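Please explain this structure to a reader who is new to it, moving from the whole protein to a few of its parts.

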Amino acid sequence: MLTTFIIGLSFGAGACMFTCIPTLGVMLLAQDIGARETSLQTLRFNLGRMAAYALLAAVSGLVGASLVGLLDMSHANYIFAAMLLGSAVLLWRKGRVAGCASHKQKQIRAGLFGIGFAMGLRPCAPLAGVMAASAATGSGAYGLLLGLSFGAGAIIIPQLVFGYGLGKAGGEIRSQLRGRQQQMARIGASVLAFVGVGVGMGWISL
């Protein structure tokens, strides 16, 4: 478990964090929210990723074989792309209509968990190693623990960078652009839509 935690920590501090920039970073900056809400939304996204890691590792341990060979990456990409496009629609509508902002906010919060979960279903090399280790244990419970330890390590750095760091810096950026939240939301929606289409079509690999 310590090994998988360290692997997750190194993964979260590198490729994983940069992968989150065009998705999570854009969504957070495009909303008129404070540091606390930024941290909570980041946590929802990261918990979605952690849930996916735990699920894949637990099932690998349960069946005694890594699921990497059984997973079709294109299917995970389609789910991820659909989540991004749905969030893009919500952000665009939030930027177009000032009313019902709280309702849109709740939908975006729920969507962040789904985006994180869909992103976690796309096995990377470190996660494939964790799934193989889980399969070697032959236990769903041990696999679950390995997946959770990997996920816990993987979300620490992104949570600090996006949840705390962007929460503080984002507030300053928004204060400088006060009154232009609608334009920011539309720009964010356009970026998410572009990334979503790119992922779905295979042009972009996050």
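**From the surface to the core**

The protein exposes about 9500 Å² of surface, and carbon and sulfur atoms supply 70% of that area. The model behind this value is a predicted one, and buried residues make up 46% of its 206 residues.

The protein contains 8 helices and 0 strands, so that, when read along the sequence, its pattern is α-α-α-α-α-α-α-α. Among contacts with a separation of 6 or more, 85% are accounted for by residues 24 or more positions apart.

At the start of the chain, helix H1 (residues 2-13) packs with helix H2 (residues 15-29) at an angle of about 40°, their axes lying 3 Å apart. Because angles under 35 degrees would count as roughly parallel and those from 65 to 115 as roughly perpendicular, this angle makes H1 oblique to H2. Where the two helices meet, Phe11, Gly12 and Ala13 come from H1, while Ala15, Cys16 and Met17 come from H2. Sorted by class, this contact has 5 nonpolar residues, 1 polar residue and no charged residues.

In soluble globular proteins, nonpolar side chains tend to be buried together. The largest nonpolar core of this model has 38 residues, of which Cys20, Leu24, Phe45, Phe80, Phe162 and Leu192 touch the most other members. Two or more residues of this core are given by each of H2, H3, helix H4 (73-96), helix H5 (101-120), helix H6 (125-137), helix H7 (140-176) and helix H8 (181-201), and H2 gives the most, with 7 residues. Phe45 can serve as an example of a core member, since, leaving aside its neighbours within four places in sequence, Phe45 is in contact with Cys20, Thr23, Leu24, Leu112, Ile115, Gly116 and Met119.

Two residues of helix H3 (residues 35-63) can be set side by side, namely Ala35 and Ser60. Ala35 has a relative accessible area of 30%, and because buried means under 20% and exposed over 50%, Ala35 is partly exposed. Not counting neighbours within four places in sequence, Ala35 is in contact with Gly163, Gly167 and Lys168. The C-alpha atoms of Ala35 and Tyr164 are separated by 7.1 Å, although these residues are 129 residues apart along the chain.

Ser60, by contrast, has a relative accessible area of 0% and is therefore buried. With residues up to four places away in sequence not counted, Ser60 touches Ala65, Ser66, Leu67, Met131, Ser134 and Ala135.

Note on methods:
Residues are numbered from 1 along each chain as its sequence is written. This is a predicted model: local features need pLDDT of at least 70, side-chain atom pairs count only at pLDDT 80 or more; totals for chains, interfaces and linings use all residues. Side-chain values use heavy atoms; hydrogens and water are left out. Axes are lines fitted to C-alpha atoms, for helices over the stretch in contact, and angles run from 0 to 180 degrees between N-to-C directions. Helices (H or I, at least four residues) and strands (E, at least two) are DSSP runs, numbered from the N terminus. Angles under 35 degrees count as roughly parallel, over 145 as roughly antiparallel, 65 to 115 as roughly perpendicular and the rest as oblique. Contact means heavy atoms within 4.5 Å. Ala, Val, Leu, Ile, Met, Phe, Trp, Tyr, Cys and Pro count as nonpolar, Asp, Glu, Lys and Arg as charged, and the others, Gly among them, as polar. Buried means under 20% relative accessible area, exposed over 50%, partly exposed in between (1.4 Å probe, protein chains only). A nonpolar core is a set of buried Ala, Val, Leu, Ile, Met, Phe, Trp, Tyr and Cys residues joined through side-chain atoms within 4.5 Å. Accessible areas come from the Shrake-Rupley method with a 1.4 Å probe; for residues, only the protein chains shown count as cover.
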